[in-house]
Amino acid sequence: MNNRNVIALDLAKNIIQVAKVSKHGEIVFNKAQSPSKVRQILANSPPSIVAMEGCGSFHYWGRIAQSYGHEVREHVKPYISKQKTDANDAIGIAIAAIQPNMPFSPVKNIEQQILQTFTVSRKFLDKQLTQLGNHIRALFYEYGITIPRSKKALKEVLTERNGLPEVLLPLVNVLKAQYQQIEQSLNKVTKNLELLVSQNEQCQRVIALEGVGVLGAAGLIASLSQTKHFKNGRCASVYLGVTPKQFSSGGKTVMLGIDKGAGDKQLKSCLFLGALSYISNLPEKPKTLKQQWLLRLVARSGVKRACIALVNKNIRTAWAMLKQGTNYQPVMI
């Protein structure tokens, strides 16, 4: 039975809907408040359950609530029984927060959020660069000019006229300048992220794992460095979405593939590519027990499944290393 009040926040930029439910299940109030008023409510309330959706500014408000001694619970989909309004959303969030066996996401500390900000911003710039490059290739293709996929070939074509109509040259110069600017910004953000990872002791320990690079290490620390939120390594793997889905009915259990939409898709992709690179360069004669295990797994199940298995093991190992404060030492044969 819940013996604490529940303060549910339906987060927004300017107005936050706040619903307070007593430990007896009675709605004390449910009204829209300004962000400054919400801070006052959190500061003046006794230790309670503060429930929110996993949306923008959740980690910020979660840290504020924790600083006042509240327990923060986050769930993506609230229980809404009526029409879609802010007031009903707030009540639905409060109901979801006290349901049994409900999974909640941990609140990131400021160091974790900084790492996440760099990785997400780098991904945004990389996507912009790819989109602009594809746009330029399509533009040139309309005039019979085919550009190879490499960035080097694209830059070479942009420095030449290539028989385009004279009136298009100013447009090409604008696209060229924008491409160079985005590329420079991407390189700068990447260097800043590499510097941040090199100065982070936890990142340096995790980066020693097979197939884990700068982006993978930053993503793992941003997700797992608060190890107390996970019961064991398997829970950490489930949180990041690299465990098989299960379909059970009538006592029959069927294990499916991993859920591509679950967890941190960007981190999963990065860790998978790192694992693929490592497995593709395995020696014929293994030097460690993990290499021996991977070679047997590739022969039995194929490369892609072996990559997922390595990602799963790396996440569990990273969680154990962070929890115990140890360094990674591969076991030699």
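**Exercise 1. A charged pair between two helices**

Glu 183 forms a salt bridge with Lys 155: work out how far apart the closest N and O atoms are, where the two partners sit, and how accessible each one is.

*Solution.*
Before starting, note that this is a predicted model, where local features need pLDDT of at least 70, side-chain atom pairs count only at pLDDT 80 or more, and totals for chains, interfaces and linings use all residues. Residues are numbered from 1 along each chain as its sequence is written, and side-chain values use heavy atoms, with hydrogens and water left out.

Step 1: check the distance. The closest N and O atoms of Glu 183 and Lys 155 are 2.8 Å apart. That fits the salt-bridge rule, a side-chain nitrogen of Lys or Arg within 4 Å of a carboxyl oxygen of Asp or Glu.

Step 2: place the partners. Glu 183 is in helix α6 and Lys 155 in helix α5 (residues 151-158), so the pair links parts of the chain that are distant, 28 residues apart. Helices here are DSSP runs (H or I, at least four residues), strands are E runs of at least two, and both are numbered from the N terminus.

Step 3: look at accessibility. Glu 183 has a relative accessible area of 14%, so it counts as buried, while Lys 155 is partly exposed at 35%. The cut-offs are under 20% for buried, over 50% for exposed and partly exposed in between (1.4 Å probe, protein chains only).

Step 4: list the neighbours. Leaving out residues up to four places away in sequence, Glu 183 touches Leu 129, Lys 151 and Lys 155. Contact means heavy atoms within 4.5 Å.

**Exercise 2. The other salt bridges**

How many salt bridges does a search of the whole structure find, and which residues do they include?

*Solution.*
Step 1: get the total. The search finds 6 salt bridges. As background, side chains of opposite charge can pair when their charged atoms come close.

Step 2: take Asp 89 and Lys 84. Their side chains meet at 2.6 Å, N to O. Asp 89 is buried, with a relative accessible area of 3%, whereas Lys 84 is exposed at 62%.

Step 3: move on to helix α7 (residues 201-206). Arg 205 pairs with Glu 201, again with N and O 2.6 Å apart at their closest. Both lie in this helix, 4 residues apart, which is about one turn. Arg 205 counts as buried, at 10% relative accessibility.

Step 4: spot the network. Salt bridges that share partners join Arg 4, Glu 71 and Arg 73.

**Exercise 3. Where domain 2 meets domain 3**

Describe the interface of domain 2 and domain 3: what area is buried there, and which elements of domain 2 give two or more residues to it?

*Solution.*
Step 1: set the bounds. The domain assignment gives domain 1 (6-98), domain 2 (110-199) and domain 3 (213-324). Such bounds come from an automatic or database domain assignment.

Step 2: size up the interface. The centres of domains 2 and 3, taken over C-alpha atoms, are 31 Å apart. In contact are 10 residues of domain 2 and 10 residues of domain 3. About 850 Å² is buried between them, with 67% of it from carbon and sulfur atoms. Buried area is the accessible area (1.4 Å probe) that two parts lose on being put together, summed over both.

Step 3: ask who contributes from domain 2. The elements giving two or more residues to the side that touches domain 3 are α4 (110-141) and α6 (169-198). The largest share, 7 residues, comes from α4.

Step 4: zoom in on Gln 112. This residue is found in helix α4 and counts as buried at 3% relative accessibility. Its contacts include Ile 221, Ala 222, Ser 223 and Leu 224.

Step 5: check for salt bridges. The rule finds 0 across this interface.

**Exercise 4. An unusual backbone angle**

Is phi of Ser 57 positive or negative, and where is this residue placed?

*Solution.*
Step 1: recall the background. Most residues other than glycine have a negative phi.

Step 2: read the angle. Phi of Ser 57 is near 75°, a positive value.

Step 3: find the place. Ser 57 is in the loop between β4 (49-52) and α2 (58-67), and counts as partly exposed at 34% relative accessibility.
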